[in-house]
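Visitor: I would like a close look at one part of this model. Please take a single charged contact and work outward from there.

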Amino acid sequence: MKGLQEALAAGEKVRGTTSPNPPVGCAIVSADGNVIAVAGTSPVGGAHAEINALRQAGDKARHATAVVTLEPCNHTGRTGPCSHALAAAGIARVVYLTADPNPAASGGADYLRGRGVEVIHVPTEVCALQPWLTSLRHARVSVTAKFAATVDGFTAAPDGTSQWITGPTAREHVHADREKRDAIIIGTGTAISDNPSLTARNTDGTLRARQPRRVVVGKRRVPEGNLTRLGFEQYETPEEAMRALWETGARDVLVEGGASLLGSFFKLNVVDRVQAYLAPMILGGGRAVVEQALTPTLADATRFRTSQVTQLGNDILIEMER
């Protein structure tokens, strides 16, 4: 479908910049089949993807097709309804990939049909939207648990060394992913012992254009000088951190450890996705991914679905979903 890949790419490009709004992409295809505008949602308070695309297209939007990754909204918030703007611009056809599950914003498809616009729903799993959809469904932040480990399940050697388990290609992927997240969460133990930067960096060490919020969970005081480059937030419990992040607009968070904190999030049954970076290395002992047993029996273990497997240099990234 003309405009489909462009709309998907536009949504992915703005991921991490739009929360609490969804990262939507829109492409407008002229009546003669040319893509004349491509845009994503602006940061909160700015225009939605459809409005940005309509502004690019101008008068050429008349009789054109709009391909949108999420059903155009039908409510007035900080901005006006996108469904109304599409109809007013003379769009002849709207193709949307994901129905809007938000009762306050849905109904755009019906509004457009009522104004004589052809509306087609092409159900498609839009990767950029999945964390936002999860957060909306559970009324909390969407949680991804991330770790790097040897194939036998250790994140550090018996002497505590952990840099580097994975190679440079995997680490570059981690930094690109961090830039798309609203926040990164670690425990006080990791903050104190490792003093990680938790920044999203380029291969030359410079900071990427966008940085996630840095969050530490635990009651222990983080020594002065740790994590001070961009500042950080601290909460005593995972529940407090999740609540504060949700209330301040975060929707997509990455929990990077350590083992005790990861275990706490798994115990709370709030881990929606897992990113397991696995290195072709055997240690036979050391620090485990999770510090404590989560269940006494295999039958009660939480099952995840493998959604994607990616080779990153000599390492493998396994991505899983609930």
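Guide: Arg140 and Asp272 join their side chains in a salt bridge, at 2.9 Å from N to O. The term means a side-chain nitrogen of Lys or Arg within 4 Å of a carboxyl oxygen of Asp or Glu. The two partners sit 132 residues apart. Arg140 is in the loop between helix 5 (130-138) and strand 6 (142-150), while Asp272 belongs to strand 12 (residues 271-279). Helices (H or I, at least four residues) and strands (E, at least two) are DSSP runs, numbered from the N terminus. Arg140 is buried, at 15% relative accessible area. Asp272 is buried too, at 6%. Buried stands for under 20% relative accessible area, exposed for over 50%, and partly exposed for what lies in between (1.4 Å probe, protein chains only).

A word on the basis. The model is predicted, so local features need pLDDT of at least 70 and side-chain atom pairs count only at pLDDT 80 or more, whereas totals for chains, interfaces and linings use all residues. Residues are numbered from 1 along each chain as its sequence is written, and side-chain values use heavy atoms, with hydrogens and water left out.

Strand 12 also holds Arg273. Its side chain forms a salt bridge with Glu321, at 3.9 Å from N to O. Glu321 lies in strand 15 (residues 315-321), so this pair ties together parts 48 residues apart in sequence. Glu321 is buried at 16% relative accessibility. Arg273 is buried at 13%.

Now to another pair. Arg181 and Asp177 meet in a salt bridge at 3.1 Å, N to O. Both residues are buried. They belong to a salt-bridge network with Glu12, Arg15, Lys180 and Asp252. In total, the structure has 15 salt bridges.

Two network members, Arg15 and Asp252, lead to a cavity. They are among the lining residues closest to the centre of the largest cavity, along with Ser19, Pro23 and Ala128. A cavity is a set of points, on a 1 Å grid over the protein atoms alone, where a 1.4 Å probe fits but cannot get out; lining residues have an atom within 4 Å of a point. The whole structure has one cavity of 30 Å³ or more. The largest holds about 90 Å³, a volume being the space filled by probe spheres set on the points, which are joined across faces, edges and corners. Its lining has 13 residues.

Notes. 1 Å grid on protein atoms, 1.4 Å probe; cavity = no way out; pocket = protein on both sides within 12 Å on 5 of 7 lines; lining within 4 Å.
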